[in-house]
Amino acid sequence: MNIKGRRRCFLIGIIYFCTMFIIKNVAATSSLQWLRSSSSNTRHIAFISSLSQRQLYPYKCKSRIISNTKYCNNGVHVPSNRIPYKSKRRCISSYMSSTSSDEMTVNEQQMKIDALKIVNEAIRAVDPSVAIRDRLILEEDNQLIAKDTSRKVAYNLSDYDNIRIISFGKASAAMALATADIISKSQSQEGVPKLGGIVIIKDDHATDKQMKLLKGKYNILVRSASHPIPDSRSVDAANKIIELGSSSCSRTLVLACISGGGSALFCSPRDELTLEDLMSTNSRLLESGMPIEKMNIIRKRLEKGKGGKLAALAYPATVLSLVLSDIIGDPLDLIASAPTVPDSSCWEDALQLVEEYGLNANGAHALPSSVLDLLQMGAAGKLDDTPSSFHPAFSTMSASNDDMQQSTEEDQKLFCETILVGNNDASVMAAAQEAENRGYNPVILGSRFDGEAATVAGTYVSMAEMISRQRNATRHDNKYQVAPLPTALIAGGETVVTLPPKCQGKGGRNQELALSAALKMHDMNLRDVVLTSVGTDGTDGPTDAAGGIVYGGLVNEETIQNAKDSLLRHDSYTFLNSTGCLVTTGATGTNVADVCITLIK
């Protein structure tokens, strides 16, 4: 070839590579635009790791650059403007590449987006502000109506001189503010009761605006405290509430807004115990793997305000409790250790749990000796037990003769009434609806899943594997399938993780469930399956993550040993964080236990 020919070939080569470079960059720009507009809801961003910024609760977001992606502390995950992503597939794999995981399939990419959007809707459905407004109504005649699915109770606000809102739990700020907003509509009328109260919030679980409105507009004090282990602030705030309840009279209406997490936030030890005793007890209970409903049988006997004691202290005031349930089956006598509900358990029940879970002096999770001595004294009849349904605080309110003649048995109300405003069922139903909207065939497995997280994960993945067989099955093989593909398995509940003494791992039950599922998917050689498990409160264990999201190729031959070691050490956070599979929402302002979504195509 002569010199001209060589130059011609050289120029053609340059033109070809320049053309390909332009095409790839145009594709990258188009892909990025697709990512930003893929959702029907313009406030969402593709590959969102949780709730989008300010979508439900306007918590501040501070960004930081990590590898080839930009992350926000509230969990929003968007491509960094510094990195020209070339396609949807490269957008994910470029972040995952450092983890040595298998590249996600096209289906898995879309399923990851879908799974997180479904979780988003599950959390949105249990917004405590909406839940309160659905259940608490102020009518024109100054009648306050509280209702749930089975009954309603009415209160004439003219019968009271004071209305006191007390609220504690992870949803306490939103619940108290919604309640105060409703009550404030009566404040323009003459002779209406004065409004005030106290709210205990978990650190960083209320916005500046919420705290400003509660204190400045409604005369409600806001106190922060620690969760899941109580601290001195928990005790100080709890004692304020107990003092407020004890000073109530027959013309006081107490509105108690209670949500999950209240056991640690509303914490006042009995005179025989110290805060350190309660802190140690909470740690041992968490380590033991005991379900929350059983923990609360012990907790309510160690404190001044739990197990119906707050209602007893407030008697003869009228008490209306608005409860957002975080416990499987919604047992009202156990949620937040039931400060305003009569107790059906006894000292002997608490001692039996001590033996069952190795909490005795020689057990693996021994409780402080002062706590064990107290339980023994109570079982021996030397200490008063928590108030039962026979206490006057839980009796029927007397009415005037005229009212009695016009009322029915259903109209009569107790001094202390409880209305359930939200629970895990509502979250699960919303998830199923969103899954259907996205083209999946939803199957609700239930909202009462419990047990060890790793075991429950195996159940979910085994079901997914059975459903996935439809891909290559004959018509006869599909005869008894749960649902056709694509399928969404929806489950709610609250699992546990039993920790060994002095465990140094980092994680939570949802993260452990997700990692266990990833290992099970590897064992079964499953692809085009995505699972995410998330705590609706945005907090999974003592971490900043709400849970995890995994897919079939996350664990491979190169990473399997690390995954197994992490699970053995109960260090799921570290593994999922290194693979970009944590789900981080920040505080959601609600709490109805956990939801798990498994998608199969």
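Which residue in E16 is the bridge partner of Val530? The partner is Tyr551. The points below take up that pairing and then other parts of the chain; the model is a predicted one.

1. The sheet. Six strands form an open sheet in the order E13-E14-E18-E15-E16-E17, and their pairing is mixed. Its edges are strand E13 (441–449) and strand E17 (582–583), each of which pairs on one side only. Strands of a sheet pair through backbone hydrogen bonds, either parallel or antiparallel.

2. Strand E16 and its two partners. E16 covers residues 547–551. With E15, E16 pairs in the antiparallel sense over five bridges, and the Val530–Tyr551 pair belongs here. With E17, E16 is again antiparallel, over two bridges. On that side, Gly547 stands opposite Val583 in E17.

3. Burial of E16. Five of the five residues of E16 are buried, and the strand is described as mostly covered. Both of its faces are covered. Gly547, Ile549 and Tyr551 lie on one side, with Gly548 and Val550 on the other, and all of them are buried. Two of these residues have already appeared as bridge partners: Tyr551 pairs with Val530, and Gly547 faces Val583.

4. A helix over the sheet. Helix H3 (residues 106–124) lies across four strands: E15 (529–535), E16, E17 and E18 (594–600). H3 runs at about 25° to E15. The strands it crosses include the edge strand E17.

5. Helices H5 and H6. Two packed helices are described by the angle between their axes and the distance between the axes. For helix H5 (residues 172–184) and helix H6 (residues 208–217), the axes come within 10 Å and cross at roughly 45°. The two helices are therefore oblique to each other. Their crossing is left-handed. H5 contributes Ala173, Ala174, Ala176 and Leu177 to the contact, while H6 contributes Gln210, Leu213 and Leu214. By class, these residues are six nonpolar, one polar and no charged.

6. Helices H9 and H10. The axes of helix H9 (residues 275–288) and helix H10 (residues 292–299) come within 11 Å, crossing at roughly 155°. That angle makes H9 roughly antiparallel to H10. The crossing is right-handed. On the H9 side the contact uses Asn282, Leu285 and Leu286; on the H10 side it uses Met295, Ile298 and Arg299. This contact holds four nonpolar residues, one polar and one charged.

7. Two cis peptide bonds. The bond from His227 to Pro228 is cis, with omega near 5°. Pro228 sits in the loop between strand E9 (220–225) and helix H7 (232–246). Another cis bond joins Leu485 and Pro486, where omega is about -10°. Pro486 is in the loop between helix H16 (453–468) and strand E14 (487–493). E14 is one of the strands of the sheet in point 1.

8. Positive phi at Lys502 and Asp528. Lys502 is a residue other than glycine with a positive phi, near 60°. Its place is the loop between E14 and helix H17 (509–523). Asp528, also not a glycine, has a positive phi near 55° and is found in the loop between H17 and E15. Are these residues buried or exposed? Lys502 counts as exposed because its relative accessibility is 76%. Asp528 has 16% relative accessibility and so counts as buried, the cut-off for buried being under 20%.

9. Ser248. This residue lies in the loop between H7 and strand E10 (252–259). H7 is also the helix that follows the loop holding Pro228. With a relative accessible area of 8%, Ser248 is buried. Which residues does Ser248 contact, leaving aside its neighbours within four places in sequence? They are Arg164, Val254, Ala314 and Ala317. Ser248 and Ile163 are 85 residues apart in sequence, and their C-alpha atoms are 9.7 Å apart in space.

Definitions and conventions:
Residues are numbered from 1 along each chain as its sequence is written. This is a predicted model: local features need pLDDT of at least 70, side-chain atom pairs count only at pLDDT 80 or more; totals for chains, interfaces and linings use all residues. Side-chain values use heavy atoms; hydrogens and water are left out. Two strands pair if DSSP finds at least two bridges between them. Contact means heavy atoms within 4.5 Å. Axes are lines fitted to C-alpha atoms, for helices over the stretch in contact, and angles run from 0 to 180 degrees between N-to-C directions. Angles under 35 degrees count as roughly parallel, over 145 as roughly antiparallel, 65 to 115 as roughly perpendicular and the rest as oblique. A crossing is left-handed if the near helix is turned anticlockwise from the far one by less than a right angle, and right-handed if clockwise. Ala, Val, Leu, Ile, Met, Phe, Trp, Tyr, Cys and Pro count as nonpolar, Asp, Glu, Lys and Arg as charged, and the others, Gly among them, as polar. Buried means under 20% relative accessible area, exposed over 50%, partly exposed in between (1.4 Å probe, protein chains only).
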